[in-house]
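User: Hey, got a minute to walk through a model with me? I'd like to start with the cavity lining.
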Amino acid sequence: MFERFTRGARAAVKGAVAQAERAGADSVTEEHLLLALLEQEGGRTSFAVTALGLHGRRASLDAAFAEARRRGGLTRADTDALADIGIDIGAIVSRVEGAHGEGALAAGRTGRRWWSGHRPFTPGAKTVLENSLRVALGRGDRFIGEEHLLLALTAKPGVVADVLAEHGATYAAVQRALYGSDADGGQGHAKAG
């Protein structure tokens, strides 16, 4: 699959690893893939991200991801579903952090990366990479570009898709920003998921 990745898509994957290193994370997540895409310049994705106003709201994106980490990675849908059955995630987070310190529910750092020499991709990040192939095939493209990675991030249910949607970057909005009136590539609409 990686032989189909364009130079920009490969740079995004390498950038995600660098994001994980800077954050001191044990593994590369979907969030790291998105942050790497936000840092890229000059490609189709960079223009779409700018058109959607995501560059100007980087601090807001970072804050939303930090809040999701505080909740132990629960999505808004998860939090709402638990609230519907009487479980207040905010209260739980407050009690846990009161006893164990701020960020206690965030993923732990085991230090495994120091022994292995590299950071593995989480199952969610691997799924995004796989779904980028589905997005590319659905558009009739013979390559996987950074634009396919961005679309795959919006299509995979989870924290990254939630945060992007909260900032106006849904699958449909990203597709319009990337392809304009040719949003389905003439091939019909195929959404990874």
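User: Which helices each supply at least two residues of the lining of the largest cavity?

Analyst: That would be α4 (58-70) and α10 (159-166). Of the elements involved, α10 gives the most, with four residues. Keep in mind that this is a predicted model.

User: Ok, and which residues line the largest cavity?

Analyst: The lining consists of Ala64, Ala68, Arg71, Thr75, Arg76, Val159, Asp162, Val163 and Glu166. By type, that divides into four nonpolar, one polar and four charged.

User: What's the volume of the largest cavity?

Analyst: About 50 Å³. A search of the whole structure turns up one cavity of 30 Å³ or more.

User: Back to α10 then. Which of its residues are buried?

Analyst: Val159, Val160, Ala161, Val163 and Leu164 are buried there. Val159 and Val163 also appear in the cavity lining.

User: What do the buried residues of α10 pack against?

Analyst: They pack against α2, α4 and α9. A general point on helices helps when reading such a list: an α-helix has 3.6 residues a turn, so residues three or four places apart point the same way.

User: Which residue just after α10 takes a positive phi?

Analyst: Gly168, with a phi of about 85°.

User: Switching to α4. Where does Leu61 sit, and is it buried or exposed?

Analyst: Leu61 is in helix α4, and it counts as buried because its relative accessibility is 0%, under the 20% cut-off. Skipping neighbours within four places in sequence, Leu61 is in contact with Leu38, Leu54, Val163 and His167.

User: How far apart are the C-alpha atoms of Leu61 and Glu166?

Analyst: They are separated by 9.2 Å, with their positions 105 residues apart along the chain. Glu166 is one of the cavity-lining residues, too.

User: Let's do the core. How many residues are in the largest nonpolar core, and which have the most contacts inside it?

Analyst: The largest nonpolar core has 45 residues, and Leu33, Leu34, Leu54 and Leu153 have the most contacts inside it. At least two residues of this core come from each of α1 (7-23), α2 (30-39), α3 (44-51), α4, α8 (123-139), α9 (146-155), α10 and α11 (171-179).

User: Take Leu34. What does it touch?

Analyst: Beyond residues up to four places away in sequence, Leu34 touches Phe65, Leu150, Leu153, Val160 and Leu164. Leu153 is itself among the residues with the most contacts in the core, while Val160 and Leu164 are among the buried residues of α10.

User: New topic: Tyr179. Where is it, and why does it count as buried?

Analyst: Tyr179 lies in helix α11. It counts as buried because its relative accessible area is 11%, and the cut-off is under 20%.

User: What's around Tyr179?

Analyst: Leaving out residues up to four places away in sequence, Tyr179 touches Arg44, Arg139, Asp141, Glu147, His148 and Leu151. With Arg139 there is a side-chain to side-chain polar contact at 3.4 Å. Glu147 is 32 residues from Tyr179 in sequence and 9.7 Å away in space, C-alpha to C-alpha.

User: And Asp141, where is that found?

Analyst: In the loop between α8 and α9. Asp141 is buried, with a relative accessible area of 17%. Its contacts, again not counting residues up to four places away, are Ala136, His148 and Tyr179.

User: Which side chain does the Asp141 side chain make a polar contact with?

Analyst: The side chain of His148, at 2.7 Å. His148 also touches Tyr179.

User: What about Leu133, why is that one partly exposed?

Analyst: Leu133 is in helix α8. It is called partly exposed because its relative accessible area is 21%, and buried means under 20%. The C-alpha atoms of Leu133 and Ile144 are separated by 6.2 Å, and the two are eleven residues apart along the chain.

User: Last bit, the overall picture. How many helices and strands are in the protein chain?

Analyst: Eleven helices and zero strands. Of the 193 residues in the protein chain, 45% are buried.

User: What share of contacts with a separation of 6 or more comes from residues 24 or more positions apart?

Analyst: They account for 66% of those contacts in the protein chain.

Note on methods
Residues numbered from 1 in each chain as written. Predicted model: local features only at pLDDT ≥ 70, side-chain atom pairs only at ≥ 80, totals over all residues. Heavy atoms only, no water. 1 Å grid on protein atoms, 1.4 Å probe; cavity = no way out; pocket = protein on both sides within 12 Å on 5 of 7 lines; lining within 4 Å. Points joined across faces, edges and corners; volume = space filled by probe spheres on them. Nonpolar A, V, L, I, M, F, W, Y, C, P; charged D, E, K, R; others polar. Core = buried A, V, L, I, M, F, W, Y, C linked by side-chain atoms within 4.5 Å. Buried < 20%, exposed > 50% of the residue type's maximum accessible area, 1.4 Å probe, protein only. Contact = heavy atoms within 4.5 Å. Polar contact = N/O pair within 3.5 Å; in protein donor to acceptor, adjacent residues only side chain to side chain.
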